[in-house]
Amino acid sequence: MALITLIGKPLATSGYEFYYLGPVEECEDCKFKKVCFNLEEGAKYRVVSLRSQDHECHEFDSDVVTAVEVEKLTTTASVGKRQAMEGSKITYKNVECKNVACPNYQICHPIGKVQGTKYTVRKVNGDLDCPLGGKLVSVELF
């Protein structure tokens with residue numbers, strides 16, 4: 001089944017990827033909010049195709065949003081070695097590290113993934129070399 005949402009017209013291009021970070025308070029009374037807010041908060045999406053419907057929206061710089069079909073994507077993240085099993089459902093926990101210079105920092109602090117939320121491990125990418133000695137594995141979460 002196609003997943004349809006609305007995004008700003010300048011962003012409405014096939015292949016465009018974005019994270020849905022949740023509803024905007026200013027849109028509470030909008031008649032299109034069910035279409036805009038039907039995505040999973042924190043998930044990453046890719047525009048697959050454009051629809052011909054444009055709508056007026058004052059929350060976007062262009063004042064116009066376009067209907068698009070999107071697909072949900074996996075997000076690369078780090079998990080403990082014991083959680084790294086393809087197909088398993090895990091409760092995500094952020095890595096306790098503040099070393100922003102670490103080459104793994106973005107994997108250990110992925111955009112959109114919420115601590116305490118359940119995700120499925122779609123793919124195990126392999127061990128990570130953690131400077132702090134943690135036994136971490138790079139995985140694709142869905």
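# A guided tour, from salt bridges to cysteines

Counting a salt bridge wherever a side-chain nitrogen of Lys or Arg lies within 4 Å of a carboxyl oxygen of Asp or Glu, the structure has 7 salt bridges. Before you select anything, note that this is a predicted model, in which local features need pLDDT of at least 70, side-chain atom pairs count only at pLDDT 80 or more, and totals for chains, interfaces and linings use all residues. Residues are numbered from 1 along each chain as its sequence is written, and side-chain values use heavy atoms, with hydrogens and water left out.

**The whole chain**

Start with a cartoon view. The protein has 2 helices and 8 strands; here helices (H or I, at least four residues) and strands (E, at least two) are DSSP runs numbered from the N terminus. Follow the chain along its sequence and the pattern reads β-β-α-β-β-β-β-α-β-β. Along the principal axes, the C-alpha atoms fill a box of roughly 50 × 30 × 25 Å. Now colour by accessibility: 34% of the 142 residues count as buried. The classes are buried under 20% relative accessible area, exposed over 50%, and partly exposed in between, with a 1.4 Å probe and protein chains only.

**Stop 1: Asp54 and Lys9**

Select Asp54 and Lys9 and show their side chains. They meet in a salt bridge, at 2.8 Å from N to O. Asp54 sits in strand 3 and Lys9 in the loop between strand 1 (3–8) and strand 2, so that this pair links distant parts of the chain, 45 residues apart. Asp54 is partly exposed at a relative accessible area of 38%, and Lys9 is partly exposed too, at 42%.

**Stop 2: Lys72 and Glu40**

Next, pick Lys72 and Glu40. Their closest N and O atoms are 2.5 Å apart, in a salt bridge. Because Lys72 lies in strand 4 (residues 64–73) and Glu40 in the loop between helix 1 and strand 3, the pair ties together parts that are 32 residues apart in sequence. The relative accessible area is 23% for Lys72, which is partly exposed, and 33% for Glu40, also partly exposed.

**Stop 3: Arg46, Glu71 and their network**

Now select Arg46 and Glu71, another salt bridge, with 2.7 Å between the closest N and O atoms. This pair joins strand 3, where Arg46 lies, to strand 4, where Glu71 lies, across 25 residues of sequence. Both side chains belong to partly exposed residues: Arg46 has a relative accessible area of 28%, and Glu71 one of 34%. Add Glu17 and Lys44 to the selection: salt bridges that share partners join Glu17, Lys44, Arg46 and Glu71 into one network.

**Stop 4: Val47**

Val47 is in strand 3 (residues 44–56). Is Val47 buried or exposed? At 1% relative accessibility, Val47 counts as buried. For a sense of scale, draw a distance from its C-alpha to that of Cys130: the two are 34 Å apart in space and 83 residues apart along the chain.

**Stop 5: a negative patch**

Select Glu25, Glu26, Glu28, Asp29 and Glu59, which form a negative surface patch. Such patches are made of residues with over 30% relative accessible area and no salt bridge, with like charges joined within 9 Å (for nonpolar patches, side chains of Val, Leu, Ile, Met, Phe, Trp or Tyr are joined within 5 Å). Zoom in on Glu25, found in the loop between strand 2 (17–19) and helix 1 (33–36). With a relative accessible area of 66%, Glu25 is exposed.

**Stop 6: the cysteines**

How many disulfides does the structure hold? The count is 0, where a disulfide is a pair of cysteine sulfur atoms within 2.5 Å. Select Cys27 and Cys57 to see one case: the sulfur of Cys57 is the closest cysteine sulfur to that of Cys27, but at 5.7 Å it is too far for a bond. Cys97 is in no disulfide either, its nearest cysteine sulfur being that of Cys102, 5.7 Å away. Cys27 is buried at 13% relative accessible area, and Cys97 is buried at 18%.

**Last stop: Tyr105**

Finish in helix 2 (residues 105–108), where Tyr105 is found. Tyr105 is partly exposed, with a relative accessible area of 24%. Add Ala77 and draw the C-alpha to C-alpha distance: the two residues are 9.7 Å apart in space and 28 residues apart in sequence.

Notes. Accessible areas come from the Shrake-Rupley method with a 1.4 Å probe; for residues, only the protein chains shown count as cover. Lys and Arg count as positive and Asp and Glu as negative; His and the chain ends are not counted. The place of a charge is taken as NZ of Lys, CZ of Arg, CG of Asp or CD of Glu.
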